[in-house]
Amino acid sequence: MPYTNLELDTIVIQKLIDQGIELSKNKNVVYKKPNRGVIKCDVIKIAIVIKNLLDNAEKYAPSLKAVEITSDTKGSVVNISVRDFGPGIDRGLIKKITDPYVRGKNVKQPGFGLGLSICKKVMVSHGGDLTVNNEPGGGCCFKISWDYNKIELKK
């Protein structure tokens, strides 16, 4: 069930990503080609999604190479990608990793497997999605996307 209490606001996408980076404990991050487009979303919730993706990269995919964030907009569709350079996710787990209580078998870090499921719920509440893919050459890409003209506020 998605969140129904969105507080929509407009924000420059670069500022939104900067807020997510600022909230994160992961400081090994590079925002490639900053985007100055103006978008609409629940700024706090999306900034926390970005923060969670960055924190997960530090916790589960440590690498000397910086986590890369990219963003683009096509009309009212927003795409933000967070790419790490860690070991990737087991092929059998990648489709379920955003389900509640799902964690990798070899993860020794504390947690309950709720972070990505909460991120997914936030994106669904925006009429969007969170997708996860392993990258050629290693690492994983987490992509959030939504069409801000199609966000439906539920009463």
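## Valine 132, a buried spot in strand S6

Valine 132 has a relative accessibility of 9%, so this residue counts as buried. Keep in mind as you look around that the model is predicted. Valine 132 sits in strand S6, and its partner across the pairing is phenylalanine 142 in S7. If we set aside the neighbours within four places in sequence, valine 132 touches Ile89, Ile94, Ile97, Thr98, Cys140, Cys141 and Phe142.

Here is a pair you may like to find on screen: valine 132 and arginine 83. The two are 49 residues apart in sequence, yet the C-alpha to C-alpha distance is 9.8 Å.

## The overall plan

Let's step back to the whole chain. The protein contains three helices and seven strands, and from start to end these follow the pattern β-α-β-β-α-β-β-α-β-β. There are 155 residues, of which 45% count as buried.

Contacts across long stretches of sequence are well represented here. Taking contacts between residues at least 6 apart in sequence, 68% join residues at least 24 apart.

## The five-stranded sheet

Five of the strands form an open sheet in the order S2-S4-S5-S7-S6, with mixed pairing. At the edges stand S2 (29–31) and S6 (129–134), each with a single partner strand, so one side of each has no neighbour in the sheet. On average, neighbouring strands of this sheet are turned by 20 degrees against each other, direction ignored.

How do the strands pair along this order? S2 and S4 (residues 67–74) run parallel and are joined by three bridges, with valine 29 opposite valine 67 in S4. S5 and S7 run antiparallel, with seven bridges between them; one pair to look for is valine 78 with tryptophan 146 in S7. S6 and S7 also run antiparallel, joined by six bridges.

## Strand S7 and its hairpin

Which strand is largely enclosed by the rest of the structure? That is S7, because seven of its eight residues are buried. S7 spans residues 140–147, and its pairings include those with S5 and S6.

S6 and S7 form a hairpin with five residues between the strands. Within this hairpin, glycine 137 takes a positive phi near 85 degrees.

## Helix H2 against the sheet and helix H1

H2 packs on the sheet, where it touches S2, S4, S5 (77–83) and S7. The direction of H2 makes about 175 degrees with that of S7.

H2 (residues 43–60) also meets H1 (residues 13–23): their axes come within 8 Å and cross at roughly 50 degrees. That angle is why H1 is described as oblique to H2. The crossing is right-handed. On the H1 side the contact is made by Leu16, Ile17, Gln19, Gly20, Ile21 and Leu23, and on the H2 side by Val43, Ile46, Ala47, Ile48, Ile50, Lys51 and Leu54. Sorted by class, the contact has 10 nonpolar, two polar and one charged residues.

## Aspartate 55: buried or exposed?

Aspartate 55 belongs to helix H2. Is this aspartate buried or exposed? Aspartate 55 is buried, since its relative accessible area is 10% and the cut-off for buried is under 20%. Apart from neighbours within four places in sequence, aspartate 55 is in contact with Ser24, Lys25 and Asn26.

## Helix H3 across S6 and S7

H3 (residues 115–125) lies across S6 and S7, and runs at about 135 degrees to S6. The buried residues of H3 are Leu116, Ser117, Cys119, Val122, Met123 and Ser125. Their cover includes H2, S6 and S7.

Isoleucine 118 is also found in H3. At 37% relative accessibility, isoleucine 118 counts as partly exposed. Isoleucine 118 and asparagine 52 are 66 residues apart in sequence, while their C-alpha atoms lie 9.5 Å apart in space. Just after H3 comes glycine 127, which takes a positive phi of about 75 degrees.

Note on methods
Residues are numbered from 1 along each chain as its sequence is written. This is a predicted model: local features need pLDDT of at least 70, side-chain atom pairs count only at pLDDT 80 or more; totals for chains, interfaces and linings use all residues. Side-chain values use heavy atoms; hydrogens and water are left out. Axes are lines fitted to C-alpha atoms, for helices over the stretch in contact, and angles run from 0 to 180 degrees between N-to-C directions. Helices (H or I, at least four residues) and strands (E, at least two) are DSSP runs, numbered from the N terminus. Angles under 35 degrees count as roughly parallel, over 145 as roughly antiparallel, 65 to 115 as roughly perpendicular and the rest as oblique. A crossing is left-handed if the near helix is turned anticlockwise from the far one by less than a right angle, and right-handed if clockwise. Contact means heavy atoms within 4.5 Å. Ala, Val, Leu, Ile, Met, Phe, Trp, Tyr, Cys and Pro count as nonpolar, Asp, Glu, Lys and Arg as charged, and the others, Gly among them, as polar. Two strands pair if DSSP finds at least two bridges between them. Buried means under 20% relative accessible area, exposed over 50%, partly exposed in between (1.4 Å probe, protein chains only).
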